[in-house]
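Me: I want to learn how to read a structure feature by feature. Can you take me through this one?

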Amino acid sequence: MTEKADQVAGLLLAAGGGRRLGGRPKALLEHHGHLLVERAADALRTAGCAPVHVVLGAQADDVRKRAVLPDCVVVENPEWEGGMGSSLQAGLASLRGTPAGAVLVSLVDQPDIGPEAMARVLAAYTSGESLVAATYGGTRGHPVLFGAGHWAGVAASAVGDRGARDYLRAHEDTITLVECGDVAEPYDIDTPSDLDRLA
């Protein structure tokens, strides 16, 4: 059993309004009979994350009514229109005071990144200074694990839609890279043509 201080929390960023999808929130898109937000939260739990915090924004009330998110902490980001950075800030703020020593950050619009890839990244966690990212054919992507020692810096640098990109670039030499291309594909559901992947 993992010691509480060594727990890795899951953080699912699911606040986007799907602007390029005609205003359809990605959290409410369906894939194999489940909402994307449900599938992604379940993947984080299955990978071993606890607790799992889910950041909602666009049509948050509808998502709360429709989504089944057992054992998840739902965080609402009223600034969601400002981009992913504000959701990352809201999610990290919600984890302050929890026993989590690190957080594994995942995106709701990458349905093929499941528990296998998440568990691999989580397994590379060693301390509050850990910084770990999945790679796909050598290209860095999600999920990303931030030890608690990085949370303040990540939150301070998260602006607009850049999320943690600037922080990761500044700390590139200290990132542990974990290849996940054999168990996941990092495509995004961003435009109407991408919806074919959910069929």
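Me: Start with S7. How many residues of S7 are buried?
Reply: First, a caution: this is a predicted model. Buried means under 20% relative accessible area. In S7, 6 of the 6 residues are buried, so the strand is largely enclosed by the rest of the structure.

Me: Which residues of S7 point one way, and which the other way?
Reply: The general idea comes first. In a regular strand the side chains alternate between the two faces of the sheet. Now the case here. Leu131, Ala133 and Thr135 point one way from S7. Val132, Ala134 and Tyr136 point the other way, and all are buried.

Me: In which sense do S7 and S8 pair, parallel or antiparallel?
Reply: Strands of a sheet pair through backbone hydrogen bonds, in either sense. S7 and S8 pair in the antiparallel sense, over 5 bridges. One place to look is alanine 133, whose bridge partner in S8 is valine 144. The two strands form a hairpin with 2 residues between them. Glycine 137 sits in that turn and has a positive phi of about 60 degrees.

Me: And in which sense do S7 and S9 pair?
Reply: Strand S7, residues 131-136, pairs with S9 in the parallel sense over 4 bridges. Look at valine 132: it stands opposite threonine 176 in S9.

Me: What is the strand order of the open sheet?
Reply: Read it as S5-S4-S1-S6-S8-S7-S9, 7 strands with mixed pairing. Strand S5 (72-76) and strand S9 (176-179) stand at the edges. Each has a single partner strand, so one side of each is left without a neighbour in the sheet. From one strand to the next, the twist averages 25 degrees.

Me: Which strands does helix H1 touch?
Reply: Helix H1, residues 36-47, packs on the sheet and touches S1, strand S4 (52-56), S5 and S6. The direction of H1 makes about 165 degrees with that of S1.

Me: Which strands does helix H4 lie across?
Reply: Helix H4, residues 115-123, lies across S1, S6, S7, S8 and S9. H4 runs at about 50 degrees to S8.

Me: Now the backbone. Where are cis peptide bonds found?
Reply: Check omega. One cis bond joins alanine 50 and proline 51, with omega about -5 degrees. Proline 51 lies in the loop between H1 and S4. Another joins histidine 142 and proline 143, with omega about 0 degrees. Proline 143 lies in strand S8.

Me: Which residue other than glycine has a positive phi near 50 degrees?
Reply: Histidine 32 has that value. Find histidine 32 in the loop between strand S2 (30-31) and strand S3 (34-35). Histidine 32 has a relative accessible area of 57%, so it is exposed.

Me: What is phi of aspartate 71, and where is that residue found?
Reply: Phi of aspartate 71 is near 60 degrees, again a positive value in a residue other than glycine. Aspartate 71 is found in the loop between helix H2 (60-66) and S5. Its relative accessibility is 70%, so aspartate 71 counts as exposed.

Me: How does glutamine 7 count in terms of accessibility?
Reply: At 21% relative accessibility, glutamine 7 counts as partly exposed. The cut-off for buried is under 20%. Glutamine 7 is found in the segment before S1.

Me: On to the largest pocket. How much space lies in it?
Reply: About 1100 Å³. Of the 37 residues that line the largest pocket, the closest to its centre are Lys26, Met84, Leu107, Asp109 and Asp161.

Me: Which elements each supply at least two residues of that lining?
Reply: Two helices and three strands do. The helices are H3 (84-95) and H6 (165-170). The strands are S1 (8-14), S6 (102-107) and S8 (139-147). S8 gives the most to the lining, with 6 residues.

Me: What is the lining of the largest pocket by class?
Reply: The lining has 16 nonpolar, 10 polar and 11 charged residues.

Terms used: Residues are numbered from 1 along each chain as its sequence is written. This is a predicted model: local features need pLDDT of at least 70, side-chain atom pairs count only at pLDDT 80 or more; totals for chains, interfaces and linings use all residues. Side-chain values use heavy atoms; hydrogens and water are left out. On a 1 Å grid over the protein atoms alone, a cavity is a set of points where a 1.4 Å probe fits but cannot get out, and a pocket is an open set with protein on both sides within 12 Å along at least five of seven lines; lining residues have an atom within 4 Å of a point. Grid points are joined across faces, edges and corners, and a volume is the space filled by probe spheres set on the points. Ala, Val, Leu, Ile, Met, Phe, Trp, Tyr, Cys and Pro count as nonpolar, Asp, Glu, Lys and Arg as charged, and the others, Gly among them, as polar. Buried means under 20% relative accessible area, exposed over 50%, partly exposed in between (1.4 Å probe, protein chains only). Two strands pair if DSSP finds at least two bridges between them. Axes are lines fitted to C-alpha atoms, for helices over the stretch in contact, and angles run from 0 to 180 degrees between N-to-C directions. Contact means heavy atoms within 4.5 Å.
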